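User: I'd like to learn how to read a model like this one, starting with the overall fold and ending with the symmetry. Could you walk me through it?

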Protein chains: 2
Amino acid sequence: MKNRITELFQIKYPLIQAGMIWNSGWKLASAVSNAGGLGLIGAGSMYPGVLKEHIKKCKKATSKPFGVNVPMLYPNVEKIMQIIVDEGVKIVFTSAGNPKTWTPFLQKHGVKVVHVVSSVKFAVKSELAGVDAVVAEGFEAGGHNGREETTTFTLIPMVKEKLQIPLIAAGGIATGRGMLAAMVLGADAVQIGSRFVASNEASSHINFKNEVVKAEDGDTHLTLKELAPVRLIKNKFYTELQSLYQQNPTIEQLKEKLGRARAKKGMFEGNLEDGELEIGQVAGLIHNIKPATEIVNEIITEFKEVKQTFNQPLF
Amino acid sequence: MKNRITELFQIKYPLIQAGMIWNSGWKLASAVSNAGGLGLIGAGSMYPGVLKEHIKKCKKATSKPFGVNVPMLYPNVEKIMQIIVDEGVKIVFTSAGNPKTWTPFLQKHGVKVVHVVSSVKFAVKSELAGVDAVVAEGFEAGGHNGREETTTFTLIPMVKEKLQIPLIAAGGIATGRGMLAAMVLGADAVQIGSRFVASNEASSHINFKNEVVKAEDGDTHLTLKELAPVRLIKNKFYTELQSLYQQNPTIEQLKEKLGRARAKKGMFEGNLEDGELEIGQVAGLIHNIKPATEIVNEIITEFKEVKQTFNQPLF
């Protein structure tokens with residue numbers, strides 16, 4: 001059986017591993033691709049030379065399709081895009097920018113382009129820009145996030161009403177139940193981030209992975225809306241930030257408090273007090289760290305089992 | 001076929017119409033109950049005498065079970081609860097307060113008690129307080145809302161992990177697809193609010209209903225978090241409120257701006273500029289006003305059709 005996304009990417013399962021900064025290197029991406037999903041390398045935290053190395057290692061580690069996620073506001077985006085094309089990567093997920101800018105260049109080089117959005121308006125703009133598919137990401141997602149605060153449950157069917165091209169749901173999905181629910185709402189596939197942070201292959205620090213496993217309902221919050229909204233675990237840095245908000249800070253004061261490399265400090269260096277710890281609300285459903293292959297298999301097995309239970313009358 | 005919720009309430013479909021202030025009177029509740037769902041009268045905007053009249057009319061208009069929603073912070077809550085018991089209402093949904101306070105009294109009088117929560121913590125507390133079922137309501141819901149900002153997509157499976165008693169999902173649900181997705185995530189039933197605002201039988205003003213039909217993605221926002229968080233359509237009142245927020249207002253200034261009877265002004269009197277217009281994000285999926293019976297039938301028909309399409313291999 002095939003669907004529009006498995007055909008577009010030539011993969012077994014319509015399950016994409018998000019290209020997350022400080023988490024998604026070649027080890028994670030190749031493991032997910034080898035397991036039948038689509039692995040993505042997260043270029044957002046890589047210098048161009050580092051990305052090149054990750055792509056080369058990923059090609060050695062898997063013969064299956066994989067892709068790269070590129071936040072287009074990245075300062076070295078021209079170099080990044082050239083490396084992607086030169087290395088023969090065939091799938092790129094773009095975010096944080098205008099999909100018109102890079103889609104024609106990438107497609108001219110045989111690359112399938114998917115753009116990540118958080119609203120109906122930008123989903124429609126992406127389709128008009130000619131992308132091959134759209135990721136619609138809900139408010140519950142970790143990391144950087146939309147300003148509309150539209151949740152996965154309402155965003156997916158609203159985008160579905162307006163979109164012709166394939167639709168990938170993201171935000172809040174970590175299980176087979178979640179994958180099935182997203183597809184019931186109208187998605188052709190799912191993009192899963194947080195669940196793969198708690199994998200052996202994620203390149204983030206073990207302290208961060210353990211914190212994700214510990215997180216429960218209410219432990220994350222979308223903040224820094226005046227800069228670029230980001231969902232964080234409520235740690236010491238977050239608490240300090242909230243104290244600053246009590247004083248009605250200027251944008252400059254917020255930027256100064258954020259400083260540089262907060263995300264690296266938290267997620268890559270494992271400084272749980274002073275770093276930014278970006279994760280989705282669904283961390284509350286993540287209870288262990290395991291190999292990415294097992295994560296993929298568990299999600300697909302649960303998807304099929306739950307789907308089976310809905311094959312009978314319910315009421 | 002029966003499930004835990006249809007058995008608990010002795011209804012045909014596990015579909016509950018939310019007891020919304022200024023919207024849910026006897027006309028709407030009886031229409032939904034007659035259509036096979038569970039209609040709720042919203043006591044939150046009624047003086048005790050008015051509620052009594054609505055209950056009496058509802059009993060005449062339907063022989064099916066119906067219930068009353070009671071926000072427990074309501075000033076006349078003792079009178080309200082006595083009327084409910086005296087009139088022989090058998091189902092009460094409580095919200096905004098401690099479920100320990102009224103559950104024993106109501107159950108002693110043969111009333112099934114359901115408590116509305118927006119977090120895992122209060123779902124567990126409700127079960128310990130002895131309620132018969134829990135409504136877990138996500139961030140996308142209209143009206144008053146939790147502070148944790150947990151969305152339906154993540155809240156339902158997180159609550160499901162911890163709860164033994166039946167679970168009703170609310171927030172973002174307006175269609176058969178949404179109902180099925182919520183049940184895939186672990187709910188036994190759904191509570192639907194916004195969709196029934198856009199019904200002929202809702203007691204709100206036609207101006208408000210039309211505004212709900214017009215609303216799109218991004219047109220609502222959860223605000224007034226310092227008082228009681230509420231999701232509003234971004235109208236003139238909302239814009240003025242946001243301007244006030246720019247000036248770092250005190251709680252007293254916010255209360256003064258809110259004033260009295262804003263919700264009545266907006267939803268019941270149809271003043272779209274100066275009133276509070278409470279609605280869920282899912283308003284973006286609501287495109288028409290129709291009889292409540294048709295709404296119930298459409299949701300159940302779509303539920304069954306979509307469920308049918310998932311009875312085959314997908315990939």
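User: Let's start with the inventory. How many helices and strands are there in chain A?

Analyst: This is a predicted model, so treat what follows as a reading of a prediction. Chain A holds 14 helices and 11 strands. To judge packing, set the radius of gyration beside the globule rule: chain A comes out at 18 Å, close to the 20 Å the rule gives for 315 residues, so chain A is as compact as a globular protein of that length. Along the principal axes, the C-alpha atoms of chain A fill a box of roughly 55 × 55 × 35 Å.

User: And what percentage of the residues in chain A are buried?

Analyst: Buried residues account for 57% of the 315 in chain A. You can also look at how far apart contacting residues sit in the sequence. Among contacts in chain A with a separation of 6 or more, 64% link residues 24 or more positions apart.

User: Now chain B. Is strand 5 of chain B mostly covered or uncovered?

Analyst: Mostly covered: strand 5 of chain B spans residues 112-117, and 5 of its 6 residues are buried.

User: Which strands does strand 5 of chain B pair with, and in which direction do they run?

Analyst: Take the two pairings in turn. Strand 4 (residues 91-95) of chain B runs parallel to strand 5 of chain B, joined by 4 bridges. In that pairing, Val92(B) stands opposite Val113(B). Strand 6 (residues 133-137) of chain B is also parallel to strand 5 of chain B, again with 4 bridges. There, Val116(B) has Val135(B) as its bridge partner.

User: How does the chain get from strand 5 of chain B to strand 6 of chain B?

Analyst: Follow the path through helix 6 (residues 120-128) of chain B; this β-α-β crossover is right-handed. Strand 4 of chain B, helix 5 (residues 99-108) of chain B and strand 5 of chain B likewise form a right-handed β-α-β unit.

User: Last topic: how are chains A and B related?

Analyst: The general idea first: two copies of a chain are related by a rotation about an axis and a shift along it. Here, a turn of 180 degrees with a shift of 0.0 Å along the axis lays chain B on chain A, with an RMSD of 0.0 Å. That is the relation of a two-fold axis.

User: Which residue of chain B comes closest to the rotation axis?

Analyst: Ala181(B), whose C-alpha is 2.2 Å from the axis. The same surface serves both copies, as 100% of the contact residues of chain B recur in chain A.

Note on methods. Residues are numbered from 1 along each chain as its sequence is written. Chains are lettered from A and ligands numbered from 1 in the order in which they are written. This is a predicted model: local features need pLDDT of at least 70, side-chain atom pairs count only at pLDDT 80 or more; totals for chains, interfaces and linings use all residues. A residue is buried if 20 or more other C-beta atoms lie within 10 Å of its own, exposed if 12 or fewer, and partly exposed in between; C-beta atoms are placed from the backbone. Helices (H or I, at least four residues) and strands (E, at least two) are DSSP runs, numbered from the N terminus. Two strands pair if DSSP finds at least two bridges between them. A crossover is right-handed if, with the strands pointing away from the viewer, the path from the first strand over the helix to the second runs clockwise. Copies are superposed by least squares on the C-alpha atoms of residues with pLDDT of at least 70 in both. Two residues are in contact if their C-beta atoms, placed from the backbone, lie within 7 Å. The radius of gyration is taken over C-alpha atoms; the globule rule is 2.2 Å times the number of residues to the power 0.38.
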